[in-house]
Amino acid sequence: MLYAKLIIDKSAIANITSILKNFTYKNTFVEAPVMTTVCTNGTGGKVCHCKPDHRWSDTFCQSNPKCCGNATCTLNSADAKCVLSTTVTITGSLKIAQANKYEKCLKGTETTDYKNCRDDLMKQMKTAYSTLRGFDFLNIIGFRLGSLFIDFTMSVASTVNSQTLINISEAISRNLSASLDMETAGVVRLIMPDNMPVSYGDTNKIITCIATEDLGTTPQWSITNINGQYDITNGTVSTVTTLSKTESQIQLNKVTELWKGTYLCLYQQTKKFGNDSTINILHKGSDVLDVALLPEIAVFTVPSFPRCKTKTDVLQVAAQCEINNSTEPYIVSWNGDGLKDYSATSADKTQIYSAQKIIDCGVNNNQTTASCIFKNRKEQNKSASVPFNIIGDRELYCAAQGVWGDTKAGFTSVLKCTNSAGQRTRKCNSNAQWEDEVSGCVNSDLYNVLQNAKISDTGLGALDKNAETIFSNLNNVTQNSGRINTFANVNASVDVLSTMSDKLVRLVKVVDSVTTTKNFLASSSNLLDGSLENSWNKPDPESNKTLAEKYLQSVEDLIAISNISNDSDQKNIHIDTCSEDKCTNTVFNAEVIVRSSGNGTVKTAGFKYLQDYLPNTTEAFNINSIVVSTTTQRGKENLEITLKFPLLTARRRHVSLQCVSWNYNQSKWTDEGCKWGGASKPDECICNHLTSFAILMSRYPIEIPYMTEITYAGLSASVVSLVISLLIELIVWSKVVKTNTLHLRHTAHVNISLCLLVADCCFLASSQPEIISEIWCRIAALLKHFCYLAMFFWMLSLSTMLLHQAVFLFHKVGKKTYLRFSLVLGYVCPFLIVFITFLTNNGGAQDAYFCLETCWLVYSGLLKGTIYTFILPVGIIVFINLFAMIVVIMKLLDHRIREKSHEKEIQAAKTVLRSVILLTPIFGLPWIFGFATFIMDLTAGAVTLAVNYAFVVLNAFQGLFILLTTCLGDRMTREALLNSFRKKVSEPQLVRK
């Protein structure tokens, strides 16, 4: 087909069309001329438009994007023309496998070999394609290596049947042993909204794609905008609908700058033949959607806070409105009194519009403002108010400091971030004191990731594909913790996770991409890096949730919908999965056992360091384990989860633990549905629901009710009783000490009372260890250790003396000998035990010799700890005392009749025996309960409380028991004391007589 192009004057149209009619000459049909393009003279060239059923050629459209379809264009040359709307332009590339047959085509373009090779291929291709109805031209535009590629272009004036095109292309491909890639323009066309440009924010705008025939496939939509190329899918803004086999459309719910660009509707046809040959045809229809934009406006004044030093000052202040660079030709105007000297400047990525204002300091300027107004091509306006915050001559302000200029009290100074997105702010409080700077600067790459996350579900690309790209970019940004080691960056990173979690859970339901899962886990792990510890704990002013809570919920939701394998572990996040009836998952040595009904995968995730960032919502407990999250697809009926946590800090005795889960509704830890395994299983929790779990440890040991009051009352009574006992001994000493046996008995009683008195005083002095120093706590523990041991060793001296007398038939031993023996046994032996224990435990070091929390000896377990240097000697002494009592009783029974001459000694022995019998349980029984308190844990329940009460009561009132039993309960002592009182009462009466 040949075209003749006539450029004629409008007045000649009638004559030409009457002369040139349709005619046939020698089998050639000549059509009458048709007017395609109408032009008139205009400013800067000819203003032209296409006649109905015509459009600008694709070649002209590509070089002049504003001249596409049937748009009116200003032309500088006469080369451009409109073509029939049915004209099809084809570009293609033949890949010839046997390149050696046409290697001459790769020679220089002026060589004969090249020309002959090119002409041969042109002849073969034209012979095939010229059979198309309306065939216009075909031209080979070049050859490329890589096998041999033949690039060509072709035009067909009328509609092309796709199947005919495929059949012809297959024939020539077979003839040349080649594969063919081809693109058409004209088979598919777009119908754009009327009255472009479209107003910003317009709703329900429709773009329609129409194919000339049923191409047997579904079209693919895409857009190329300022940010790149995106597939268009169903989303929150765009809705793609297939109306018929030849028609598809996009409906845009709201038009913004994101939807300004070139739209492409693509049908793809593919046919394979031969061994490896393929015909691939892309039918493309494209057009431009022009949108009249509106800007985001940032406002400033220079200086930010103009300061009047006196009322006579006159200041010049610049009001500035800043927008990002835009292709929209805005008309900018200003509102405000006294504005002048309007100007506009361009920076690298922004445009700044300024207006100057003169400020008279003698006038009240508190309400002074200016407004900048941006008008687009559709007469839409957007304005921003610029306040002039003037510092009066008597008003408080923060003086300039570094990059921060003078700032009015109660206001916040704002600076743009350098080489990053966001702002830096610093408040000047009402007292004119600078507060700390708050940086909102976000890494530029991270900011772009966040912006892409926010629009990922609009329809610009499929959400699952967008998620793959977003998480890959997030992983790249967060790999270097030095780039994100601020709160603003960590907050932005968590926002990405939170945004994508919300969208994916709501729309995708399941994330199957291994790459997406790997990158989201890697980026989540990167955020828990130890170097970011100080970047987590500031509150997010725009959210009621803490940063760590947003992170946990987002990652937990993403894990629940992701296809995760057991090799997904990251540095700071471990994940284990299971599909068995009884699942046991292990993460960071924390074991989770799940028993439930139904089928499905159980996923358990462990988060390193996250426990340090989640808020501790109770003052009484600290988090003492990693955070473990468990999700499952199974039913939640009959669900039982057993968790075994490695404790971060070993549990101290009498310190309770609490199994908790995070309650997202209340934003706090709660123990609802969980119970602790108790002292026997301190690292175990049993729960009946799914969420994120941890163990809390009480900051303080369990306090036994009224224990302090009982201790103070008992020790006070004991101290008073012991003082009374010693005074009684002093009063009756000469009257009751008649024999050596009684002398030893009362000597022992005095020393036992003294030792117990000193021990009780030390006990009272150290009853609140938290308020005394370590050295005094060590001294108190040392004295109690020695005095309590000495008390028992003096009891031992009593029982050994009785045993000696009983075995050796009351053989008389000198008083001094008894006394020396008792002093050695009563003081030297306990001293040696205490001294050796003190030295062998790092010189009485804390937690080795004594415990700072109790100012008493250390218990570390069975036969471990310094407490056994007290318990073992006491146990031995009690055993010896019991043995001695049995022997002496048997001997006394045996000698009761036969030894009348030893009546006094026998009575004395009975008195001593009675003391030993009474003192042994008084001193021994409390320490049996005392030893039990070391073994038993207060978290075990009521039995432990009863044992502790028994120990405290018996131990605290020992002095009172001594007074009542061995002192007032002894008949000889009681009679001697009464005689002394009677004597003192009667002496004054005798004097009066």
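Here is a short conversation about helix packing, a cavity and some backbone features in this predicted model.

User: Let's start with α5 and α6. Why are these two helices called roughly antiparallel?

Analyst: Happy to walk through that one. Helix α5 (residues 444-454) and helix α6 (residues 463-478) pack at an angle of about 160 degrees. Angles over 145 degrees count as roughly antiparallel, so α5 is roughly antiparallel to α6. Their axes are 10 Å apart, and the crossing is left-handed.

User: What makes the contact between α5 and α6, residue by residue?

Analyst: From α5 come Asp-445, Leu-446, Val-449, Asn-452 and Ala-453, and they meet Ile-470, Asn-473, Leu-474 and Val-477 of α6. Contact here means heavy atoms within 4.5 Å. By class, the contact of α5 with α6 holds 6 nonpolar residues, 2 polar and 1 charged.

User: How do you know that α8 and α9 are also roughly antiparallel?

Analyst: The axes of helix α8 (residues 514-527) and α9 cross at roughly 160 degrees and come within 11 Å. With the cut-off for roughly antiparallel set at over 145 degrees, α8 and α9 therefore earn that description. The crossing of α8 with α9 is left-handed.

User: Which residues bring α8 and α9 together, and what classes do they belong to?

Analyst: On α8 they are Phe-520, Leu-521, Ser-524, Ser-525 and Leu-527, while α9 offers Tyr-551, Val-555, Leu-558 and Ile-559. That contact divides into 7 nonpolar and 2 polar residues, with no charged ones.

User: α9 has another partner in α7. What describes how α7 and α9 cross?

Analyst: Helix α7 (residues 487-507) and helix α9 (residues 547-561) have axes that come within 9 Å and cross at roughly 35 degrees. This crossing is left-handed. Among the α7 residues in the contact are Phe-487, Val-490, Val-494, Leu-497, Met-500 and Leu-504. The α9 side includes Leu-547, Lys-550, Tyr-551, Val-555, Leu-558 and Ile-561. In total, the contact of α7 with α9 has 12 nonpolar, 4 polar and 3 charged residues.

User: On to empty space. What makes something a cavity rather than a pocket?

Analyst: In a cavity, a 1.4 Å probe fits but cannot get out, whereas a pocket is an open set. The structure holds 2 cavities of 30 Å³ or more, and the largest one has about 40 Å³ of space.

User: How do you know which residues line the largest cavity?

Analyst: A lining residue has an atom within 4 Å of a cavity point. For the largest cavity, those residues are Asn-740, His-743, Leu-744, Thr-747, Lys-815, Tyr-818 and Leu-819. Helices α11 (740-765) and α13 (815-840) each supply at least two of them, and α11 gives the most, with 4 residues. The lining divides into 3 nonpolar, 3 polar and 1 charged.

User: Now the backbone. Why does the peptide bond from Met-196 to Pro-197 deserve a mention?

Analyst: Most peptide bonds are trans. The bond from Met-196 to Pro-197 is cis, with omega near 5 degrees. Pro-197 sits in the loop between β12 (188-191) and β13 (198-199).

User: Where else is there a cis peptide bond?

Analyst: Val-302 and Pro-303 are joined by a cis peptide bond, and omega there is about 0 degrees. Pro-303 lies in the loop between β22 (298-302) and β23 (314-324).

User: And what makes Asp-341 worth a look?

Analyst: Most residues other than glycine have a negative phi. Asp-341 is a residue other than glycine with a positive phi, near 55 degrees. You will find Asp-341 in strand β25 (residues 339-346).

Notes
Residues are numbered from 1 along each chain as its sequence is written. This is a predicted model: local features need pLDDT of at least 70, side-chain atom pairs count only at pLDDT 80 or more; totals for chains, interfaces and linings use all residues. Side-chain values use heavy atoms; hydrogens and water are left out. Axes are lines fitted to C-alpha atoms, for helices over the stretch in contact, and angles run from 0 to 180 degrees between N-to-C directions. A crossing is left-handed if the near helix is turned anticlockwise from the far one by less than a right angle, and right-handed if clockwise. Ala, Val, Leu, Ile, Met, Phe, Trp, Tyr, Cys and Pro count as nonpolar, Asp, Glu, Lys and Arg as charged, and the others, Gly among them, as polar. Angles under 35 degrees count as roughly parallel, over 145 as roughly antiparallel, 65 to 115 as roughly perpendicular and the rest as oblique. On a 1 Å grid over the protein atoms alone, a cavity is a set of points where a 1.4 Å probe fits but cannot get out, and a pocket is an open set with protein on both sides within 12 Å along at least five of seven lines; lining residues have an atom within 4 Å of a point. Grid points are joined across faces, edges and corners, and a volume is the space filled by probe spheres set on the points.
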